[in-house]
Amino acid sequence: MRAFIAIDLPQEIKDYLAKAQAKLKSSNADVKWVNPQNIHLTLKFLGEIDEKQLNQITQILEDIAGNKTQFYIHLTSFGAFPNIKSARVIWAGIDKGDSEVKQIAEDLEKESEKIGIPKEERPFSSHITIGRTRSSKNRNKLSQALENLTSESGGFSAEFTAVKITLFQSTLTPKGPIYETLKEAHLKTI
Ligand code: 2AM
């Protein structure tokens, strides 16, 4: 099965990101927006895993989560990869909570490599993907809209407590991916 590990977001954060998408949509850029219910913070993309690796990864999740404490994640900025002027992946960035997220991602990377999961070649950069461009149509308007949204962040930001890490199964369909929770591992209470 195809799987990945992520921080699932509370409903109010999904609603907040849906509002951000609505503001960015006014740029009329050619973007495939992520269904707000599917938005998450990816920690490690696993790709295809077998039953044995599924059991191993479940244990890894328990071990890592059991050693970490819940923490705050603060969303403030909006941007794009590879850069804001030529956006391909449009994201919400995280401010408070970034070092904790990175640490969990690094631990997952290290442990999953031991069970034969391919190593991620790109350096980890915490982000929450909210859309992917299909063409360069109106890319300048989109970059302006992303900058406006970030500068509004004094009044347009959100915070939540990360309480668990989730193993998702991802099934690709012509209508988009379907994500199902396979395992949730809770972080220690503050
Ligand atoms: P992204 O947020 O950076 O786009 C589930 O598919 C998640 O795994 C996506 O949100 C994506 O993170 C991440 N991912 C990493 N590598 C991937 C790959 N090769 N194919 C699909 N998704 C990948």
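Which strands does helix α4 (residues 139-151) lie across? In this predicted model, helix α4 lies across β2, β4, β5 and β6, and α4 runs at about 160 degrees to β4. Let's step back to the whole chain and then return to that sheet.

**The chain as a whole**

The chain contains 4 helices and 9 strands. Following the sequence from its start, you will meet them in the pattern β-α-β-β-α-β-β-α-β-α-β-β-β. A compact globule of 190 residues would have a radius of gyration near 16 Å, and the 17 Å of this chain agrees with that. Along the principal axes, the C-alpha atoms fill a box of roughly 45 × 40 × 25 Å. Of the 190 residues, 45% are buried. The accessible surface comes to about 9900 Å², with carbon and sulfur atoms contributing 48% of that area. Among contacts with a separation of 6 or more, 78% are between residues 24 or more positions apart.

**The five-stranded sheet**

Here is the sheet that α4 lies across. Its 5 strands form an open sheet in the order β2-β6-β5-β4-β7, with antiparallel pairing. At the edges are β2 (31-33) and β7 (158-162), each of which pairs on one side only. On average, neighbouring strands of this sheet are turned by 35 degrees against each other, direction ignored. Strand β2 is joined to β6 (residues 128-133) by 3 bridges, and Val31 stands opposite Thr133 in β6. Helix α1 (residues 11-25) also packs on the sheet, where α1 touches β2, β4 (71-82), β5 (87-94), β6 and β7. The direction of α1 makes about 25 degrees with that of β4.

**The four-stranded sheet**

Another open sheet has 4 strands in the order β3-β1-β8-β9, again with antiparallel pairing. Its edges are β3 (40-48) and β9; each has a single partner strand, so one side of each is left without a neighbour in the sheet. Neighbouring strands here are turned by 25 degrees against each other on average, direction ignored. Strands β8 and β9 form a hairpin with 2 residues between them.

The table lists strand pairs, their bridges and one set of facing residues for each.

| Strand pair | Bridges | Bridge partners |
|---|---|---|
| β1 (residues 2-8) and β8 | 4 bridges | Ala3 and Gln169 |
| β8 (residues 164-173) and β9 (residues 176-186) | 10 bridges | Thr166 and Glu184 |

Helix α3 packs on this sheet and touches β1, β3 and β8. The direction of α3 makes about 10 degrees with that of β3.

**A helix pair**

Helix α3 (residues 98-114) has a helix partner too: helix α2 (residues 51-66) packs with α3 at an angle of about 145 degrees, and their axes are 11 Å apart. The crossing of α2 past α3 is right-handed. On the α2 side, the contact is made by Ile57, Ile60, Leu61 and Ile64. On the α3 side, Ile104, Asp107, Leu108, Glu111 and Ser112 take part.

Is Lys52 of helix α2 buried or exposed? With a relative accessibility of 60%, Lys52 counts as exposed, because the cut-off for exposed is over 50%. Lys52 and Asn38 are 14 residues apart along the chain, and their C-alpha atoms are separated by 26 Å.

Technical notes:
Residues numbered from 1 in each chain as written. Predicted model: local features only at pLDDT ≥ 70, side-chain atom pairs only at ≥ 80, totals over all residues. Heavy atoms only, no water. Pairing = 2+ DSSP bridges. Axes fitted to C-alpha atoms, helices over the stretch in contact; angles between N-to-C directions. Contact = heavy atoms within 4.5 Å. Rg over C-alpha atoms; globule rule 2.2 N^0.38 Å. Buried < 20%, exposed > 50% of the residue type's maximum accessible area, 1.4 Å probe, protein only. Areas by Shrake-Rupley, 256 points an atom, 1.4 Å probe, with all protein chains shown as cover. Left-handed = near helix turned anticlockwise from the far one by under 90°.
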